[in-house]
Amino acid sequence: MKGDAIMQFAKIILCVLCALGVYAPAQRIYAQMPPAQPKQRVVIAASAVLDGKGRLLRDTRIVIEGSRIVAIDPKAGPVTYDLRGLTVMPGWIDAHVHITWSFGKDGKNGSSGGTAEEVAYQAAANAWETLMAGFTTVQSVGSPKDIPLRDAISKGTFPGPRILTSAEPLTGRGEATGTPDEIRAYVREQKKAGADLIKIYAAGGMLRGGMTLSQEQLNAACDEAKKQGLRTLVHAYREAVRAATLAGCAQVEHGLGATDDDLRLMAEKGTYFDPQGGLLLKNYLQNKDRFIGTPFYPATEEGFAVFEKILPMNHELMRRATKIPGLKMVFGADAVAGAHGRNAEEFIDRVRDCGVDPMAALVSANSLGAEALGMSDQIGSIAPGLEADIIALDGDPLKDITAVRRVVFVMKGGVVYKSIARATGH
Ligand SMILES: [Zn+2]
């Protein structure tokens, strides 16, 4: 019944979107979608499977029972889904999104020009679009509003990616942020509020501005989180990159201005690194009018033009980072309003503009992404015992990375949310 409820809800959402004329292509997808039956034994036939760890398996079958993969067996049958001719892989993991951030009723970023219900449906739509794009797990970093969405999805009554959230972030404001003891208390509060991890803002602007937390404050935040069993994601530029690494924080975001020495230190300490290859800034530029003058964004066109200058700097940083031996670079699109459901563009930017190897780019959103979340035993690979989070692309992303735009099959936890039938003879 759970599956039926999901379908029912999804259809309602879809009808709303179709009525608005924004989701026409999905209508066809839905008409062909079989009812989800999570308890059933399902066999997927595939001619090409990327296992999420960098291996390519040919002509095999994936057996799923309930929510989990139980076997990889070329002889298994009968076949429920024939995905031959497609590229099958684990559902993607985006380590850095802001799932509830949306354009409001007036079209502006984060505007409050809507009822609570409208805001909630918008967040639900973001989750839906993210899932349809092949992202079965996301880490959302920066809003306590994620919590009810996360919980609704995890109950299985609501379609969307698995969500991990930081609840309220720790925003560095110099001394005003608090003493190390106060910061420790703040970290514990977030855990109590339901945070799966702690997000920390430790640096100011992309191009200038120093650290907004001292080394001592960062040490306290990341040490306390560790004691509470939580990971830390640190928004950092320039010297804040090294400071976060030395403080033992789990993952560094963005990282503009990091030197090769900083990158090597991260590799040595096992700190995960999540720079952005393009989608984030391009989305800002494409939606300039909707961001300008809203909270956190420069008020002028000129202020925004800086993003065009920063884009090649981000490419240069990622190009350098790929050459640092042992540096664990995860996939984080930093999807904000306008980018939900387009997260995979970041793969294209990384491969096309930053010289990242296509297989490495994909693994960064599969097994490496799962490792960074501490969830390798549950997601990120196609292997017996793991959650059945499985997607398929029309095309071979190793030869043409733009295939990541053509996600034609999405299964999460054994439930199929998208299955576009191919024309016969394909
Ligand atoms: Zn962000």
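**Close-up of Asn314 in helix α11.** In this predicted model, Asn314 has a relative accessibility of 11% and therefore counts as buried, since the cut-off for that class is under 20%. The residue belongs to helix α11, which covers residues 301-322. Once neighbours within four places in sequence are set aside, the contacts of Asn314 are with Leu256, Gln276 and Leu281.

**Close-up of the zinc ion and its protein donors.** Three residues supply the protein donors of the zinc ion, namely His96 through NE2, His98 through NE2 and Asp334 through OD, and these lie 2.1 to 2.3 Å from the ion. Along the chain the donor residues follow the spacing H-x1-H-x235-D. His96 sits in strand β6 (residues 92-97), whereas Asp334 sits in the loop between α11 (301-322) and α12 (345-354), so this pair ties together parts of the chain that are 238 residues apart in sequence. His96 counts as buried, at 0% relative accessibility, and Asp334 is likewise buried, with a relative accessible area of 7%. The backbone of Asp334 also deserves a look, for this residue has a positive phi of about 55 degrees although it is not a glycine.

**Close-up of helix α6 and its surroundings.** Helix α6 comprises the 13 residues 215-227 and reaches 18 Å from its first C-alpha to its last, which is close to the 18 Å expected at 1.5 Å a residue. The buried residues in α6 are Gln217, Leu218, Ala220, Ala221, Cys222, Glu224 and Ala225. An α-helix has 3.6 residues a turn, so residues three or four places apart point the same way. The cover over the buried residues of α6 includes strands β9 (170-171), β10 (197-201) and β11 (231-236), together with helices α5 (180-192) and α7 (239-246). Asp223, which is also placed in helix α6, counts as partly exposed at 28% relative accessibility. The C-alpha atoms of Asp223 and Arg184 are 8.4 Å apart in space, while the two residues are separated by 39 residues in sequence. The helix is followed by Gly229, which has a positive phi near 75 degrees.

**Close-up of the disulfide between Cys222 and Cys249.** The sulfur atoms of Cys222 and Cys249 are 2.0 Å apart and form a disulfide; the count of disulfides in the model comes to one. The pair links distant parts of the chain, with Cys222 in helix α6 and Cys249 in the loop between α7 and β12 (251-254), 27 residues apart. The torsion about the S-S bond of Cys222 and Cys249 is about 95 degrees, so the disulfide is right-handed. Both partners are enclosed by the protein in the sense of accessible area: Cys222 is buried, with a relative accessible area of 1%, and Cys249 counts as buried at 4% relative accessibility.

**Close-up of strands β11, β12 and β13.** Strands β11 and β12 pair in the parallel sense over four bridges, and Leu233 stands opposite Gln251 in β12. Between these strands the chain crosses from β11 through α7 to β12, in a β-α-β crossover that is right-handed. On to the next strand, β12 pairs with β13 (residues 272-274), again in the parallel sense, over three bridges, and the bridge partner of Gln251 in β13 is Tyr272. Here the chain crosses from β12 through helix α8 (residues 260-269) to β13, and this β-α-β crossover is right-handed as well. His254, which lies in strand β12, has a phi near 70 degrees, a positive value in a residue other than glycine. At 9% relative accessibility, His254 counts as buried.

**Close-up of the cis peptide bond before Pro78.** The peptide bond from Gly77 to Pro78 is cis, with omega near -10 degrees. Pro78 is placed in the loop between β3 (68-72) and β4 (81-82).

**Overview of the protein for orientation among the close-ups.** The secondary structure of the protein comes to 14 helices and 16 strands. Of its 426 residues, 57% count as buried. Among the contacts in the protein with a separation of 6 or more, 68% are accounted for by residues 24 or more positions apart.

Key:
Residues are numbered from 1 along each chain as its sequence is written. This is a predicted model: local features need pLDDT of at least 70, side-chain atom pairs count only at pLDDT 80 or more; totals for chains, interfaces and linings use all residues. Side-chain values use heavy atoms; hydrogens and water are left out. Donors are N, O and S atoms within 2.8 Å of the metal (3.2 Å for Na, K and Ca); water is not among the atoms, so sites may look incomplete. Helices (H or I, at least four residues) and strands (E, at least two) are DSSP runs, numbered from the N terminus. Buried means under 20% relative accessible area, exposed over 50%, partly exposed in between (1.4 Å probe, protein chains only). The expected span of a helix is 1.5 Å times one less than its number of residues. Contact means heavy atoms within 4.5 Å. A disulfide is a pair of cysteine sulfur atoms within 2.5 Å. Two strands pair if DSSP finds at least two bridges between them. A crossover is right-handed if, with the strands pointing away from the viewer, the path from the first strand over the helix to the second runs clockwise.
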